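Here is a short briefing on how parts of one protein chain pack and pair. Keep the structure open as you read.

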Amino acid sequence: MQWDNTFVRDLGWLGARVDPVPVADPRLLALDEDLARELGADPEQLRSVEGVEVLAGNRVATGSQPIAQAYAGHQFGQLSPLLGDGRAHLLGEVVDVSGQRRDVALKGSGRTPFSRGGDGRAALGPVLREYLVSGFMHAVGVPTTRSLAAVATGEQVRRERPLPGAVLTRVAASHLRIGTVVLLATQGSREQLGALVEHVRSRHHPHVAEGDVLDLFASVLERQADLVAAWMSLGFVHGVMNTDNMTLSGETIDYGPCAFLDTYAPEQWFSSIDHTGRYRYSQQPTMAAWGLARLAEALVPLAQESPDDAVTRAQSLLDGFDARYRASRLDRARAALGLPGSTEDRDGELVAELQGIARDEELDHTGLHRDLARLLRGEPARHLDEVEDRERWAAWERTWRERVASSGRTHEAAEAMDRVNPVYIPRNHLVEEALAAAEGGDLAPFAALDAALRDPFVERPGRERLAEPAPRFTRHYVTYCGT
């Protein structure tokens with residue numbers, strides 16, 4: 001890989017220049033060879049002793065200038081004025097084979113000046129969770145940070161109990177967050193804030209005119225609305241939507257306490273540190289808008305308009321978030337149900353009624369949508385046998401079939417549905433099984449699940465169990481942030 005370091009050159013004062021801390025015995029656990037090739041890297045070189053040393057943080061590659069980034073963040077609604085990379089190092093940037101600039105960073109790579117008493121390390125389980133889930137999110141087309149590699153450290157980390165350690169190599173459009181802007185708006189100079197905003201604009205939103213910070217805000221808002229709509233269509237629950245976990249590029253970042261709905265339960269959350277359900281599934285659009293409001297507050301002082309006009313315009317843009325989100329969400333719901341494109345209000349009513357049935361009947365969120373395509377093809381449904389209110393279901397199904405048939409392409413609709421509704425998702429019980437086995441030294445379940453998640457739309461023989469609904473006991477499933 002050919003390294004560049006525009007963040008260090010442009011904004012090097014927004015962090016601490018510090019090298020990763022070497023580990024005792026690095027061993028490669030997983031490598032995304034397709035991503036490596038996208039970055040212009042040779043997978044075999046990355047698998048070599050020297051390559052693994054770079055991925056573990058034991059060697060700094062020629063041209064890399066590691067830095068721990070500084071940022072703030074509203075954590076569960078309260079401002080933490082200085083967070084920063086307490087266990088991560090941005091190694092630099094790579095211009096990939098398509099000409100896109102990508103950050104390459106290590107996570108779990110040792111203490112930095114922002115560690116705040118932490119050990120700077122990561123446990124094996126959370127590293128492999130991020131590798132699995134980010135790989136799946138990319139495969140289904142959700143904007144996301146990606147995982148290039150996972151490396152065992154040969155060391156233990158102490159959490160509730162001693163656990164094997166690991167380092168993740170994360171690739172992102174950038175690691176710039178709403179919290180990065182908040183840090184400079186609250187503690188930096190106007191010149192520093194302006195420099196950051198221009199760096200963000202030129203890198204992620206070049207269609208925005210230089211200096212128009214509210215147009216920049218509008219662009220970030222649109223990407224976040226579309227991103228959350230994509231999450232909701234999959235039943236994904238982020239778990240910790242603090243402003244330090246909302247990127248300015250519009251990518252999903254931080255797969256700590258994330259999980260997926262098993263049955264459709266809109267008020268469910270999984271994170272052990274979310275004591276009130278602030279970031280529950282149904283609340284994610286609201287929390288995205290809340291975080292964007294914090295971004296607007298930080299940007300308004302740089303606006304070209306008068307202060308009053310800037311606030312009015314920012315509020316108007318923020319008020320438009322819900323409409324953007326709902327339109328994007330409905331577009332995805334139409335595709336999931338094989339509906340012809342339209343602006344008919346009854347599509348929203350049809351979607352809402354299905355969600356009500358799925359909630360009341362506790363239907364499997366993923367299997368339900370695959371079953372609907374089977375029904376169109378005249379095949380037996382696999383997840384609908386337990387529906388108790390048959391009259392309600394029959395009424396919905398009749399209306400849905402009529403709506404699909406209005407396109408005159410029923411069979412094609414079923415095929416299109418299978419292209420957007422995955423067979424395999426990172427079901428919580430399967431992820432936990434894979435991580436537990438990996439902690440015990442058996443990577444086979446992890447590798448099998450990873451292979452399915454990277455090809456999630458096509459049913460394969462031998463993977464039947466990976467498509468089955470979760471056992472009922474998982475309704476009380478809890479995730480941990482893995483710090």
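The points below cover helix packing, a buried helix face, salt bridges and one buried arginine. The model is a predicted one. Its salt bridges number 47. A few of them are picked out here.

**Two helices in contact**

- Two packed helices are described by the angle between their axes and by the distance between those axes.
- Take helix H16 (residues 428–439) and helix H17 (residues 444–453): their axes come within 7 Å. The crossing angle is roughly 140°.
- On the H16 side, the contact is made by Leu430, Val431, Ala434 and Ala437. On the H17 side, Pro445, Phe446 and Leu449 take part.
- What kind of residues make up the contact of H16 with H17? The split is 7 nonpolar, no polar and no charged.

**The buried face of H15**

- Helix H15 spans residues 410–420. Ala413, Ala414, Met417 and Asp418 are buried in this helix.
- Look down the axis of H15: the buried residues fall within an arc of 140°, so they line one face of the helix.
- What covers the buried residues of H15? The cover includes helix H11 (321–337), helix H13 (365–376) and helix H14 (390–405).

**Salt bridges**

- Side chains of opposite charge can pair when their charged atoms come close.
- *Within one helix.* Arginine 37 forms a salt bridge with aspartate 34. The closest N and O atoms are 3.4 Å apart.
- Both arginine 37 and aspartate 34 sit in helix H2 (residues 33–38). They are 3 residues apart, about one turn of the helix.
- An α-helix has 3.6 residues a turn, so residues three or four places apart point the same way.
- Arginine 37 is partly exposed, at 44% relative accessible area. Aspartate 34 counts as exposed, at 53%.
- *Between a strand and a helix.* Arginine 102 forms a salt bridge with glutamate 38, with 3.6 Å between the closest N and O atoms.
- This pair links distant parts of the chain, 64 residues apart. Arginine 102 is in strand S8 (residues 101–107), and glutamate 38 is in helix H2.
- Is arginine 102 buried or exposed? Arginine 102 is buried, because its relative accessible area of 11% is under the 20% cut-off. Glutamate 38 is partly exposed, at 25%.
- *Between two helices.* Aspartate 226 forms a salt bridge with arginine 324, and their closest N and O atoms are 2.7 Å apart.
- Aspartate 226 lies in helix H8 (residues 213–234) and arginine 324 in helix H11, so the pair ties together parts 98 residues apart in sequence.
- Aspartate 226 is partly exposed, with a relative accessible area of 25%. Arginine 324 is also partly exposed, at 33%.
- *A network.* Salt bridges that share partners join Asp32, Glu38, Asp96, Arg102, Arg146, Asp450 and Arg454 into one network.

**A buried arginine in a loop**

- Where is arginine 427? Its place is in the loop between H15 and H16.
- Arginine 427 is buried, with a relative accessible area of 1%.
- The side chains of arginine 427 and aspartate 364 are joined by a polar contact of 2.8 Å.
- Leave aside neighbours within four places in sequence. Arginine 427 is then in contact with Asp364, Thr366, Gly367, Leu466, Ala467, Glu468, Pro469 and Ala470.

How values were computed. Residues are numbered from 1 along each chain as its sequence is written. This is a predicted model: local features need pLDDT of at least 70, side-chain atom pairs count only at pLDDT 80 or more; totals for chains, interfaces and linings use all residues. Side-chain values use heavy atoms; hydrogens and water are left out. Axes are lines fitted to C-alpha atoms, for helices over the stretch in contact, and angles run from 0 to 180 degrees between N-to-C directions. Helices (H or I, at least four residues) and strands (E, at least two) are DSSP runs, numbered from the N terminus. Contact means heavy atoms within 4.5 Å. Ala, Val, Leu, Ile, Met, Phe, Trp, Tyr, Cys and Pro count as nonpolar, Asp, Glu, Lys and Arg as charged, and the others, Gly among them, as polar. Buried means under 20% relative accessible area, exposed over 50%, partly exposed in between (1.4 Å probe, protein chains only). The arc is that of the directions from the helix axis to the C-beta atoms. A salt bridge is a side-chain nitrogen of Lys or Arg within 4 Å of a carboxyl oxygen of Asp or Glu. A polar contact is a pair of N or O atoms within 3.5 Å; within protein, one must be able to donate a hydrogen and the other to accept it, and residues adjacent in sequence count only if both atoms are side-chain atoms.
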